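Work through the exercises below with the model in view. Try each task before you read its solution.

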Amino acid sequence: MSHLKVVVTRNIGAAALDILNQQKGLNVVLWDSEDRVVEKDWLDANIKDAHGLLVVFTEKINEELVTKAGPNLKAVSTMSVGVDHVELPVLAKRGIKLGYTPNVLTDAVADISVMLALMASRNVGQAISIAQEGKWPGLPWSPFGFCGPQISTSSAMGLPTPRTITAGFLGFGRIARATLNRLIGFGITHALYTDSGKNTDPDEEHEKKDFSIPVTRAKDFMQVARESDIVFVLTPGGKETYHLVGEEFLQAMKSTAVLINPSRGTVVDSDALAKACREGWIWGAGVDVIEGEPNVGSDHPLIKEPRCVVLPHIGSATTETRTAMARLAAENVVAGVLGQPLPAEYPVSQ
Ligand SMILES: O=CC(=O)O
């Protein structure tokens, strides 16, 4: 049997590389670095005649690359749940399959979504810098120092009227629902969501009804802005959601609310968000992604904004999750080049 060439654009770890190397008949060509993006010259020199391509989301999969690969290319596998770096019509036109890594990262990203909501509402960004910059000695404990809105509810606080806390979701897929499940444990009382309406999976429709608090599809996405105490941006990236959250949305939010973006930087207009934090339209923000990343220096408006907590895209970064993503990406590309059903295939024709 002639060899099937699989080009891998990042060292995705021993567990996943073993899956590829142990598969008979594969010729694995690896860009052997974990943290350096593949060089264009290397890729151009190696992609020719590839049957399979395994990438991470820093690579753009477009007409130029697919043409360079040539007619053998049967499958592209990305070690990510997001596919906004892939030009889907280009793959559809050539009948190339796309593998991705949903489900395995849901819990890790839901965990970080809740963490960002807590960090943003409780001023953790400012609090950590005070400790690290040695300013704590001048700041004795003070009754209302660092106070922010509480995103949990409890009757023990003895408030005269029970509080309602609404979590709003732009996008209500797996990660949003897992985030909501965690927050129900915190005592939030309502959830509102918008989604693309494209999902027709009956299991997902069932799951949406499966919560112990009222979960309502919003009339439009501005209702999510107006009524939520925490807004989670959990939509896919790409043209359809570009700057969905801008000045109009942020101005409509409650001044005590926080905006959390663990999805794609392009969904939120960074300048508008920085202004919203600075001018107090909202309480604060927590983002794991920023448009233009990783070229986000210390002079970026969101990094400079004390009420915005910024993480450098670490949502799925647990050892267990990244290992599972890498393994699934390897299994997808193997199945794709062998002409078998992919364990997790993204439909390229929408
Ligand atoms: O952002 C990470 C992913 O899409 O998996």
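The radius of gyration is taken over C-alpha atoms, and the globule rule is 2.2 Å times the number of residues to the power 0.38. The model used here is predicted.

**Exercise 1. Overall form**

Task: Find out whether the radius of gyration of the chain agrees or disagrees with that of a compact globule.

Solution:
- Start with the length: the chain has 350 residues.
- Apply the rule: a compact globule would then have a radius of gyration near 20 Å.
- Compare: the chain has 22 Å, which agrees.
- Add the box: along the principal axes, the C-alpha atoms fill roughly 75 × 50 × 35 Å.
- Add the elements: the chain holds 13 helices and 13 strands.

**Exercise 2. Inside and surface**

Task: Describe burial, contacts, surface and charge for the chain.

Solution:
- Burial: 48% of the 350 residues are buried.
- Contacts: take those with a separation of 6 or more; 66% of them join residues 24 or more positions apart.
- Surface: about 17,200 Å² is exposed, and carbon and sulfur atoms supply 53% of it.
- Charge: there are 33 positive and 40 negative side chains. The centres of the two sets lie 1 Å apart.

**Exercise 3. A pair between two strands**

Task: Classify the ring pair of F169 and F232, then place both residues.

Solution:
- Recall the approach: a pair of aromatic rings is described by the distance of the centres and the angle of the planes.
- Count: the chain has 7 aromatic pairs.
- Read the values: F169 and F232 lie 5.2 Å centre to centre, with 15° between the planes.
- Classify: planes under 30 degrees apart count as stacked, so this pair is stacked.
- Locate: F169 sits in strand β6 (residues 166–170) and F232 in strand β9 (residues 230–233). They are 63 residues apart, so the pair links distant parts of the chain.
- Check burial: buried means under 20% relative accessible area. F169 is at 0%, so F169 counts as buried. F232 is also at 0% and therefore buried.

**Exercise 4. A pair between two loops**

Task: Do the same for F172 and F211.

Solution:
- Read the values: the centres are 6.2 Å apart and the planes make 50°.
- Classify: the pair is tilted.
- Locate: F172 lies in the loop between β6 and α7 (174–184). F211 lies in the loop between α8 (202–209) and β8 (215–217). The two are 39 residues apart.
- Check burial: F172 has 3% relative accessible area, so F172 is buried. F211 has 12%, so F211 is buried.
- Join up: ring pairs link F169, F172, Y193, F211 and F232 into a cluster.

Definitions and conventions. Residues numbered from 1 in each chain as written. Predicted model: local features only at pLDDT ≥ 70, side-chain atom pairs only at ≥ 80, totals over all residues. Heavy atoms only, no water. Helix = DSSP H or I, 4+ residues; strand = E, 2+ residues; numbered from the N terminus. Buried < 20%, exposed > 50% of the residue type's maximum accessible area, 1.4 Å probe, protein only. Contact = heavy atoms within 4.5 Å. Areas by Shrake-Rupley, 256 points an atom, 1.4 Å probe, with all protein chains shown as cover. Lys, Arg positive; Asp, Glu negative; His and termini not counted. Charge placed at Lys NZ, Arg CZ, Asp CG, Glu CD. Phe/Tyr/Trp six-rings, centres within 6.5 Å; stacked < 30°, edge-to-face > 60°.
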